[in-house]
Amino acid sequence: MIPAAFDYKAPTSVEEALQLLTEGGDDAKIIAGGQSLLPVLKLRLAAPELLLDLAKIDSLRGVRDDGDAIVIGAMTPHFEVVGGPLVNAHASLLAKCAATVADPQVRHRGTFGGACAHADPAGDIPAAALALDAEFMIAGPGGPRRVAAADFFQDLFTTAIGEDEILVEVRVPKYTGWGSAYEKFVRVAQQWAIVGVAATVRTENGTIAEARIGLTNMGPTPIRARAAEQALVGIAVEPDAVASALTSIADGTAPPTDVNGDPEYRRHLATILGRRAVLAAART
Ligand SMILES: Cc1cc2nc3c(=O)[nH]c(=O)nc-3n(C[C@H](O)[C@H](O)[C@H](O)COP(=O)(O)OP(=O)(O)OC[C@H]3O[C@@H](n4cnc5c(N)ncnc54)[C@H](O)[C@@H]3O)c2cc1C
């Protein structure tokens with residue numbers, strides 16, 4: 001279908017974008033890579049009168065070193081996250097998750113910030129951002145604010161970003177030297193995750209010293225498997241030991257039912273994928 005008619009503006013600064021967003025009120029909508037928004041507009045599930053394109057705001061794109069963290073601009077496309085030296089050195093889990101997003105075309109248009117703001121529970125980026133304790137820098141009429149990942153993803157397609165606010169960048173603490181892996185279960189290539197497990201671990205002398213795990217599509221938001229993370233500490237990097245530690249990985253989840261599976265099937269998948277992800281992460 002063809003979207004309803006809309007006006008289009010491409011501000012060149014965050015300040016200008018915020019002003020236009022405030023002036024536009026309910027009728028204005030931000031567009032980043034358009035990979036999730038345009039299908040929604042074409043289906044006429046939304047019909048904003050004004051699209052504010054962030055593509056010309058140079059300050060929103062790129063990855064920079066910020067001491068004990070790396071900072072990823074909201075308009076950084078997925079392919080730059082996949083190949084980015086800073087990301088691969090300090091938060092390799094993000095690069096591995098971004099590499100599984102759709103196909104090369106989508107990864108060149110879709111953005112890191114757009115994927116977080118869209119907050120699709122089957123999206124591959126949010127679980128990794130949650131596992132890594134990322135912080136979301138949000139600009140609004142009242143000034144900038146910083147929101148922890150645990151508070152950012154609030155519900156299905158719902159985040160802490162207000163109607164008159166813009167996600168500017170995402171701050172990710174450095175996990176230098178940690179191994180990582182993302183196990184995404186799909187039936188066909190380039191499908192959204194039926195279930196995904198994002199894991200990053202630090203090992204010492206063949207045992208797991210620290211672990212972080214995020215779950216994709218196991219509830220309306222990405223979910224942190226904290227009990228499993230704790231159970232892994234001190235465990236040998238060995239399949240049976242890791243599997244035993246991960247029996248709690250699906251605790252507190254609320255997986256959906258759809259054509260791909262029911263909650264019981266998804267909880268089973270999480271235990272299998274979790275074991276694979278943790279072992280692969282520990283061996284990288
Ligand atoms: C065929 C296809 C397959 C896909 N497969 C996958 C997949 O397997 N895994 C996966 O994770 N994703 C997948 N995607 C989605 C892709 O990751 C998108 O890049 C992502 O969901 C949205 O990013 P975007 O930059 O395109 O955002 P847009 O579509 O432009 O925006 C999405 C939403 O976020 C809001 N928004 C965007 N940026 C900001 C910002 N800076 N501040 C505030 N609000 C903002 C918009 O207003 C809109 O509501 C797929 C997309 C397509 C078309």
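Which loop does Asp133 lie in? Keep that question in mind while the tour gets under way. The model you have open is a predicted one.

**Stop 1: Asp133**

Select Asp133. The loop that holds Asp133 runs between helix H8 (125-131) and E6. Check the backbone here. Asp133 is not a glycine, yet its phi is positive, about 55 degrees. Now show the surface. Asp133 counts as partly exposed because its relative accessibility is 35%.

**Stop 2: Arg44**

Go to Arg44 for another backbone of this kind. Its phi is positive too, about 60 degrees, and Arg44 is not a glycine. Look for Arg44 in the loop between helix H2 (37-42) and E3. Arg44 has a relative accessibility of 47%, so it counts as partly exposed.

**Stop 3: helix H1**

Select residues 14-24, which form helix H1. Which residues of H1 are buried? Colour Val14, Ala17, Leu18, Leu20, Leu21 and Gly24, for these are the buried ones. Why do they lie on the same side of H1? They span an arc of only 165 degrees around the axis, and therefore share one side of H1. A general rule helps here: an α-helix has 3.6 residues a turn, so residues three or four places apart point the same way.

Next, bring up the strands that the buried residues of H1 pack against. These are strand E1 (7-9), E2, strand E3 (50-53), strand E6 (135-140) and E10. Then turn the helix around. On the face away from the buried side of H1 you find Glu15, Gln19 and Glu23, which are exposed. Step past the end of the helix. Gly25 follows H1 and has a positive phi, near 55 degrees.

**Stop 4: the ligand**

Select the ligand and the residues around it. The shell holds 29 residues, of which Ile30, Ser36, Leu37, Thr111 and Asp124 come nearest. Colour the shell by class: 15 residues are nonpolar, 11 are polar and 3 are charged.

Now draw some distances to oxygen atoms of the ligand. From Thr111, a side-chain N or O atom lies 2.6 Å from a ligand oxygen. From His78, a polar side-chain atom is 3.0 Å from a ligand oxygen. From Ala115, use the backbone: a polar atom there is 3.5 Å from a ligand oxygen.

How much of the ligand does the protein cover? On its own, the ligand has 970 Å² of accessible area, and the protein covers 88% of it. Three elements each give two or more residues to the shell: strand E2 (28-31), helix H7 (112-118) and strand E10 (166-173). H7 supplies the largest share, 4 residues.

**Stop 5: Glu169**

Stay with strand E10 and select Glu169, which lies in it. Is Glu169 buried or exposed? Its relative accessibility is 16%, so Glu169 counts as buried. Show the side chain of Arg64 as well. A polar contact of 3.1 Å links the side chains of Arg64 and Glu169. Beyond its neighbours up to four places away in sequence, Glu169 touches eight named residues, among them Val71, Ile72, Glu135 and Phe136.

**Stop 6: Gln105**

Select residues 104-109, helix H6, and pick out Gln105. Gln105 counts as exposed because its relative accessibility is 58%. Add Phe79 and draw a line between the two C-alpha atoms. They are 9.3 Å apart, while Gln105 and Phe79 are 26 residues apart along the chain.

**Stop 7: Glu229**

Move on to helix H10 (residues 226-232), where Glu229 is found. Glu229 has a relative accessible area of 7%, so it is buried. What does its side chain reach? The backbone nitrogen of Ile213 is 2.7 Å away from the side chain of Glu229. The side chain of Arg224 also makes a polar contact with that of Glu229, at 2.5 Å. Ala211 and Arg212 are among the residues Glu229 touches.

**Stop 8: Ala236**

End in the loop between H10 and helix H11 (239-245), where Ala236 is found. Ala236 is partly exposed because its relative accessible area is 35%. Show Gly206, Thr207, Ala241 and Val242, which Ala236 touches. Then add Glu204. Ala236 and Glu204 are 32 residues apart in sequence, with 9.6 Å between their C-alpha atoms.

Conventions. Residues are numbered from 1 along each chain as its sequence is written. This is a predicted model: local features need pLDDT of at least 70, side-chain atom pairs count only at pLDDT 80 or more; totals for chains, interfaces and linings use all residues. Side-chain values use heavy atoms; hydrogens and water are left out. A residue is near a molecule or strand if one of its heavy atoms lies within 4 Å of it. A polar contact is a pair of N or O atoms within 3.5 Å; within protein, one must be able to donate a hydrogen and the other to accept it, and residues adjacent in sequence count only if both atoms are side-chain atoms. Accessible areas come from the Shrake-Rupley method with a 1.4 Å probe; for residues, only the protein chains shown count as cover. Ala, Val, Leu, Ile, Met, Phe, Trp, Tyr, Cys and Pro count as nonpolar, Asp, Glu, Lys and Arg as charged, and the others, Gly among them, as polar. Buried means under 20% relative accessible area, exposed over 50%, partly exposed in between (1.4 Å probe, protein chains only). The arc is that of the directions from the helix axis to the C-beta atoms. Contact means heavy atoms within 4.5 Å.
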